[in-house]
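Me: I am new to this structure and would like a close look at a single part. Please take one buried residue and its contacts, then add a little about other places along the chain.

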Amino acid sequence: MLHLGTETGSRTTATAQAASGAPAPAAATGDHGTEPCDLVTVPARQGLEAVDILRRGADQEAVGPVLHDGACDTLGFLVPPGTAEAWDVPGSACTRTDGRGLRIPAEPPDTGSGWLLPPGEDAPVTDPAALRAALDQAARLIEAADNCR
């Protein structure tokens, strides 16, 4: 699982989180990405479906930078700060930074992690409402696929 440093607050609603021995990401210190962001983590299967849904949608820019952990067990969507306050999507977690710590970095903030979708020049984050809808649709698609077996 992707983690933020211990200096950040966390609000978790995950029902089952993937375990990871990955260290916490360091705060970015470069000029890239001046705005802080929260991090929504989801299981990789649901996250990949959600990325596809968001990229096929009418607003293809609704999805911002997306991280994957080294084991590819989870994906992390960078979302606007304050998202964690109202995040209640089962099976996911949203970690808030309160403006401390995680900013959109040019390089993945965690050793062993990588960018599924790297930050762009203007580094927009993922729209939380669009992400919530995409994760819901992805969960329904996965459940339907699993019931066909």
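Reply: What follows begins with one serine and then turns to a proline and a charged patch.

This is a predicted model, in which local features need pLDDT of at least 70 and side-chain atom pairs count only at pLDDT 80 or more, while totals for chains, interfaces and linings use all residues. Residues are numbered from 1 along each chain as its sequence is written, and side-chain values use heavy atoms, leaving out hydrogens and water.

Ser92 sits in the loop between β4 (74-79) and β5 (93-95); strands are DSSP runs (E, at least two residues) and helices are runs of H or I of at least four, numbered from the N terminus. Ser92 is buried, because its relative accessibility is 2% (buried means under 20% relative accessible area, exposed over 50%, partly exposed in between, with a 1.4 Å probe and protein chains only). The side chain of Ser92 makes a polar contact of 2.8 Å with the side chain of Trp87 (a pair of N or O atoms within 3.5 Å, one able to donate a hydrogen and the other to accept it; residues adjacent in sequence count only if both atoms are side-chain atoms). A polar atom of the Ser92 side chain also lies 2.7 Å from the backbone oxygen of Val89.

Pro43 belongs to strand β2 (residues 38-43). With a relative accessible area of 32%, Pro43 is partly exposed. Its C-alpha atom is 6.0 Å from that of Asp73, 30 residues apart along the chain.

Asp59 lies in the loop between α1 (44-56) and β3 (66-68). Asp59 is partly exposed, because its relative accessible area is 48%.
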